[in-house]
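Reader: I should like to learn how to read the packing of helices in a protein structure. Could you guide me through an example?

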Amino acid sequence: MSAGPHHRLLPDGHRLHLGHGPIDLIIQADGPADAVAMAYRHAVARFDGLLEELVSELALLRQPVRGSECPVHGPIARRMWQAASRFQPAFVTPMASVAGAVAEAVLAALVQVPGLERASVNNGGDIALYLAPGARAWRLGVVVDPHDPASPGALQIEADDPARGVATSGAKGRSHSLGIADSVTVIAADAPTADVAATLLANAVDLPDHPAIEREPAEALSPDSDLGNCPVTVHVGALNDDAVATALNAGESAAEAMLAADRILGAVLVLRGMVRLVGAVPLMKPSENTNGKLLHV
Amino acid sequence: MTDETATTMPPATPRPRREKPAKIRCDACPVLCYIAEGRAGACDRYANVEGVLTRVDPLVILDRTVQSGGELVSFLDKEREWEGDIVQPPARFVTAVGAGTTYPDYKPAPFIVSSQMDGVDMVTVVTEGIFSYCGVKLKIDTDRHLGNETATVRYRGEPVGHVTTGEYGSQMMSLGGVHHLTGGSKKEGRATCDALLNLCNRQPVELTIDDGVSIVVEAGKAPVIDGQREERMRVGCGSAAIGMFAQQWFRHVDEVVVVDDHITGVLSEHQAGKLLDVPPTGIKIKGHKSTPGRYFRVAEPGQGWGGTNIEDPLTIIDRFDTKVAWPGLKMLMVSTTGDHSAYFVLDDDLNPVPTEMPEAVRDSVLRVQENCEPALCSVVFIGGAGGSLRAGVTENPVKLTRSVRDMLTYVTSGGAAVYIWPGGGITYMVDVTQMPENSFGYVPTPALVAPIEFTMRLGDYEALGGHMASIRPLEELGGLGHRTTREAEQGHWPVLPHHFSWNRKT
């Protein structure tokens, strides 16, 4: 009954969509047409069997990282484990970086093709970027309010920036979160690292024991969650401005610690329309129609 | 970030907590998630709705294409890679593929979409129906004997249907239906559901027929019978073949026998031969003579010549009348597809002797082959849009049935035209090859999930008690996943006036 991977060009005739089970990749390569076509072939070939490769070690990948010995063997699995292990002693499993690591692996297949100007692999908000020297910058929209996806600004990543990974996590995202952040966007040198950091920072934006926050054991929601019986956020009720600030403060200190340890380049933390920026965040000037009330940078 | 804004169906409504929440295992992809009740799996496409695995993935928007698009390319299909879209301006129709459903459908169908057609406000109610009452009708183009009428058809050893009538150049089979899906053992139900799902999603399915053949059926492809691919559909019955080719034969041979399990034709006795003044040859054929030159049951059904069980065609000839036949008489024997043929010359004792076929005769056999259409398997899904599904469309379900009857509401399945049976209910049939690929899903009850759309004027929708508050304009559904169909014919486009009675001149 299991359906295999599929690929197609999106209606714009340019971007490529790869999908298999929970993985959806939106891929864009820019450059000469034949190089782009070849790059897409590489991506499709790399994607074939990728999910199976991960699933074969899924049980181990759902275990928290401990120590320095990587127990998994697949190239993506190892990358996941390594990215997660940089954040020890935090409680984190390699699954925290799965989206970023998959994006990175497919990007690596794409950019084997010479002549590309730039390329991106967007795995549900966890994005791996490639920029040839002198390439046009990537601009990535940052969504502060999930109900207003056009808001408010864009990250601009230049060819000479060290950033090649951007990831977003939050309580309203697809994965369970231990925290209450609407979203945390992290810019890092690579996508798997950005992915883990975004997950951990979204967890850190939190108000422990706050009565407005409903939590349930992860297992009760997803029986095979890597979070086991950790209480994950299912609903956040009304919060006053002080509570929002307190939660963001907690996330901000965690982000600053990651920045000081050179794990991330920058982060955007969002809760209830309040935004905190940490580190070097190349956020373009918000567009004029941004509701000033929403954005308290 | 930006690409994640694609709208997904609202997650299944959480149920009141029970003491022991049931979890189910999803086998839609290799991850094999366990999904708790009221939750979705890792992909957000499959959810556990009261213990039932349910697809909840983004709507599929069917782009109206003039040329064949076939945009969802099968994986690593090199030939069709990077064709991209050939999409006309945004005349979009929302299909129910992936709409997700609420089962039972006690609340409005997932999407009720309004769009305009020639200035008339139209509404399309999009839902995926869960069909416990459903099956497929198979038409297998072949002359071969697949099995006796009413013989049981099995999938993985389980009974899933039966052989039904023989039709023109083809054998019909009926699979599924409520008795196999839910009336038999659990295993039988599952096997039936699997077989139907794979057939409807255009996968090859191997079926075995009791006291008959093993056959691989794939929609739009040639049947493979006992390992042998059926190339051609018969040009006609044996008698028809005589009529069609008599002109080409009578100058080169004295006699032609077209061997056919149904109606074997004999040129010299056939009306067509008489008209061409073909002299009698004294041939005596076994079997029941029907009208002149037409014989029934010359042999038993089988895998040999013309759907009979014979390998040596001479076995159907009793003898040649010594008073009529003559030494040197030239005879062609050929099957209804031209797949089998042999040429004989009578010796001095009037025994047919196999002889090399002259070129002109060989050409005539090739002509028979050329005139045969490719043999195909046709898979037609049949399902009944029963009570609860209709409730998702209107508060007064019977009004929907009447509205369909009155041709105020046009029914499509995955955007494809359907045939609706006369009589009660909305029992429809649809050719699965006209639908987007992989339009079908299943739930473990077991039952099939199939897309179904009801399109009607806004006023007509209101009149039948539609869920007016749930209507969303088409533009609002932008950013959804979309897919084009192979279906290119303009006439099939669901939102066209000629589908509706209000546009007909009285």
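**Two helices in contact**

Author: Let us begin with the residues that meet. In this predicted model, Ala39(A), His42(A), Ala43(A), Arg46(A) and Phe47(A) of α1(A) are in contact with Ala105(A), Val106(A), Ala109(A) and Leu110(A) of α5(A). Sorted by class, the contact of α1(A) with α5(A) comprises 7 nonpolar, 1 polar and 1 charged residues.

Reader: By what are two packed helices described?

Author: The description uses the angle between the two axes and the distance between those axes. Here, helix α1 (residues 33–47) of chain A packs against helix α5 (residues 98–110) of chain A at an angle of about 140 degrees, and their axes are 7 Å apart. α1(A) is therefore oblique to α5(A).

Reader: Is the crossing of α1(A) and α5(A) left-handed or right-handed?

Author: The crossing of α1(A) and α5(A) is right-handed.

Reader: What should the 14 residues of helix α6 of chain A span?

Author: Helix α6 (residues 191–204) of chain A should span 20 Å, because a rise of 1.5 Å a residue is expected. The end C-alpha atoms of α6(A) are 20 Å apart, which agrees.

Reader: How many residues of α6(A) are buried?

Author: In α6(A), 14 of the 14 residues are buried, so this helix is largely enclosed by the rest of the structure.

Reader: How many helices and strands are there in chain B?

Author: Chain B has 8 helices and 34 strands. Of its 506 residues, 52% count as buried. Among contacts in chain B between residues at least 6 apart in sequence, 66% join residues at least 24 apart.

Methods. Residues are numbered from 1 along each chain as its sequence is written. Chains are lettered from A and ligands numbered from 1 in the order in which they are written. This is a predicted model: local features need pLDDT of at least 70, side-chain atom pairs count only at pLDDT 80 or more; totals for chains, interfaces and linings use all residues. Axes are lines fitted to C-alpha atoms, for helices over the stretch in contact, and angles run from 0 to 180 degrees between N-to-C directions. Helices (H or I, at least four residues) and strands (E, at least two) are DSSP runs, numbered from the N terminus. Angles under 35 degrees count as roughly parallel, over 145 as roughly antiparallel, 65 to 115 as roughly perpendicular and the rest as oblique. A crossing is left-handed if the near helix is turned anticlockwise from the far one by less than a right angle, and right-handed if clockwise. Two residues are in contact if their C-beta atoms, placed from the backbone, lie within 7 Å. Ala, Val, Leu, Ile, Met, Phe, Trp, Tyr, Cys and Pro count as nonpolar, Asp, Glu, Lys and Arg as charged, and the others, Gly among them, as polar. The expected span of a helix is 1.5 Å times one less than its number of residues. A residue is buried if 20 or more other C-beta atoms lie within 10 Å of its own, exposed if 12 or fewer, and partly exposed in between; C-beta atoms are placed from the backbone.
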